[in-house]
There are 2 protein chains.
Amino acid sequence: MTRYKAIISYDGYDFSGFQRQPHARTVQEELERTLQRLNSGQEVVVHGAGRTDSGVHAYGQVVHFDLPGSRDVEKLRFALDTQSPEDIDVVAVEQVADDFHCRYAKHQKTYEFLVDIGRPKNPMMRRYATHFPYDLELEQMQKAISTLVGTHDFTGFTASGTAVEDKVRTITEARVELDGKRNLLIFTFTGNGFLYKQVRNMVGTLLKIGNNRMPVDQVERILQEKNRQLAGPTAAPNGLYLKEIRYDE
Amino acid sequence: MTRYKAIISYDGYDFSGFQRQPHARTVQEELERTLQRLNSGQEVVVHGAGRTDSGVHAYGQVVHFDLPGSRDVEKLRFALDTQSPEDIDVVAVEQVADDFHCRYAKHQKTYEFLVDIGRPKNPMMRRYATHFPYDLELEQMQKAISTLVGTHDFTGFTASGTAVEDKVRTITEARVELDGKRNLLIFTFTGNGFLYKQVRNMVGTLLKIGNNRMPVDQVERILQEKNRQLAGPTAAPNGLYLKEIRYDE
């Protein structure tokens, strides 16, 4: 068997997330179905680096899978891309070592979160950004977001009841910018791992701070007190993008 | 009766165009339905400045309609916006003179056409840009597009069999730019009026020129010979946006 790593992008709107589950359309299932066709009907298991939730998009999701024999990677990419549904695109395929695992190999993930601040909203972006039509102070959000950078226990920003025990993660980049031409606020987070709903909870909190309904130092307080009750609401999934995954050499 | 002018934006993907027609979902019908509700069940006729085709989007379509009495325009805008389907947004409403007609009042229209040049395409843009994954020389297209500016007979760029007799129009602005960050080619055209399918035919021709399958001076030849056979194919509607309408004072 030969192991392949693929970079894929998808429009999450019509998917119940990445991970296979009964009675729901998922990215994993669609990829596995296409690969099975390309593998003479034999089942192929796809592993994903990030289990994006229902409605979350990806530009740079990474998956791996095994196929017998050896294939031309560009032909394989083309076949996978053209035979997948139109809301999935296969950006790149490469052969990797047999022990490469997209989830467990050390990597940095970058997530982006788009907020449509237009009044009214842009109808073309309703599936691709979260609409927030209230006043926002960019500077307040920029101050608050900078305090997320570093190694912290992110318990206060994750959904309660998650199975993961170690909630310490390192964020190496956290910023928010305004794209005035497109009326978009763009949040960017890079780190060595993110907890369940962490990005959406951080964004929900930052929007509340920008709207002056929470103080700038609320982020530090949430990190210290590890209390989900102190954080803002979970931002909607339609603004979230798994942008890029970079593996350590 | 009081006449109101409204600026609306819509995602054309799920509409069979602007103009009302039997057994098809149209923007005009949806607006008229909402207005009828806001008018105690009495029918309201909506006139549109541009009859966008099936799948064509708008950021700045202009419509007008009459309602009895006088209303607060911001309240009317809000009611229309929130009661319209989510793929229509009502950007602005103002009261206008009883003899204002959005189509016949002198105006300039700006259309934009987006081409996704990514390989593979961006799945998030598949409804909002036309994918063109072939080589393109921007400079060739820029030379060719500049020859469209001016007053010309655009017969060669319109669909054959159109009822309009006078096919002379003036284009005051025609340019194409690359948005490298978003992998988009953006065509912009401003003029005092455009013929049926004119913008999409101009774009189809310019893409062929950019791809070196037509010479740069093909545009001038089409204008001179007024022959649709010389032009490129009609570009798909999903890349086209009615961007703005500016009325003369």
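How many salt bridges does a search of the whole structure find over all chains? The search finds 40. The model is a predicted one. The exercises below work through some of these pairs, then turn to the interface and to one residue of helix 5.

**Exercise 1. Examine the salt bridge between Arg33(A) and Glu30(A).**

Step 1. Take the distance. The N to O separation is 3.4 Å. The cut-off for a salt bridge is 4 Å, so the pair qualifies.

Step 2. Place the pair. Both residues belong to helix 1 of chain A, three residues apart, which means about one helical turn lies between them. In an α-helix, residues three or four places apart point the same way, because a turn takes 3.6 residues.

Step 3. Check exposure. Arg33(A) has a relative accessible area of 42% and is partly exposed. Glu30(A) is buried, at 9%.

Step 4. Compare with another pair. Arg182(A) and Asp179(A) also form a salt bridge, at 3.8 Å from N to O. Arg182(A) is partly exposed, with 28% relative accessibility.

Step 5. Look for shared partners. Arg25(A), Glu29(A), Glu30(A), Arg33(A) and Asp87(A) are joined into one network by salt bridges that share partners.

**Exercise 2. Describe helix 2 of chain A, from its cap to its packing.**

Step 1. Start at the N-terminal end. Asp72(A) caps it. A side-chain oxygen of Asp72(A) lies 3.1 Å from the backbone nitrogen of Glu74(A).

Step 2. Follow Glu74(A). Its side chain meets that of Arg77(A) in a salt bridge, 3.0 Å from N to O. The two are three residues apart in helix 2, about one helical turn.

Step 3. Assign exposure. Glu74(A) is partly exposed at 44% relative accessibility. Arg77(A) is buried at 11%.

Step 4. List the buried residues. They are Leu76(A), Arg77(A), Ala79(A), Leu80(A) and Asp81(A).

Step 5. Find what they pack against. The partners are strand 1, helix 1, strand 3 and strand 4 of chain A.

**Exercise 3. Characterise the interface of chain A and chain B.**

Step 1. Count residues. In contact are 24 residues of chain A and 24 of chain B.

Step 2. Take the area. The two chains bury about 2100 Å² between them. Carbon and sulfur atoms carry 50% of it. On the chain A side, Pro120(A), Met124(A) and Arg126(A) lose the most area, together 31% of what that side buries.

Step 3. Count the polar links. Six salt bridges cross the interface. One residue pair in a salt bridge is Arg126(B) with Glu86(A), whose closest N and O atoms are 3.2 Å apart. Ten residue pairs are in polar contact between the chains.

Step 4. Trace the contributing elements. Strand 1, strand 3, helix 2 and strand 4 of chain A each supply at least two residues to the side that touches chain B. That side has ten nonpolar, three polar and eleven charged residues.

Step 5. Derive the symmetry. A turn of 180 degrees with a shift of 0.0 Å along the axis lays chain A on chain B, at an RMSD of 0.0 Å. The copies are therefore related as by a two-fold rotation axis. The same surface serves both: 100% of the contact residues of chain A recur in chain B.

**Exercise 4. Is Gln218(A) buried or exposed, and which residues does Gln218(A) touch?**

Step 1. Locate Gln218(A). It is found in helix 5 of chain A, residues 218-225.

Step 2. Apply the cut-off. Gln218(A) has a relative accessible area of 8%. Buried means under 20%, so Gln218(A) is buried.

Step 3. Name the contacts. Leaving out residues up to four places away in sequence, Gln218(A) touches Ile209(A) and Leu230(A).

Conventions: Residues are numbered from 1 along each chain as its sequence is written. Chains are lettered from A and ligands numbered from 1 in the order in which they are written. This is a predicted model: local features need pLDDT of at least 70, side-chain atom pairs count only at pLDDT 80 or more; totals for chains, interfaces and linings use all residues. Side-chain values use heavy atoms; hydrogens and water are left out. Helices (H or I, at least four residues) and strands (E, at least two) are DSSP runs, numbered from the N terminus. Buried means under 20% relative accessible area, exposed over 50%, partly exposed in between (1.4 Å probe, protein chains only). Contact means heavy atoms within 4.5 Å. Buried area is the accessible area (1.4 Å probe) that two parts lose on being put together, summed over both. A polar contact is a pair of N or O atoms within 3.5 Å; within protein, one must be able to donate a hydrogen and the other to accept it, and residues adjacent in sequence count only if both atoms are side-chain atoms. Ala, Val, Leu, Ile, Met, Phe, Trp, Tyr, Cys and Pro count as nonpolar, Asp, Glu, Lys and Arg as charged, and the others, Gly among them, as polar. Copies are superposed by least squares on the C-alpha atoms of residues with pLDDT of at least 70 in both.
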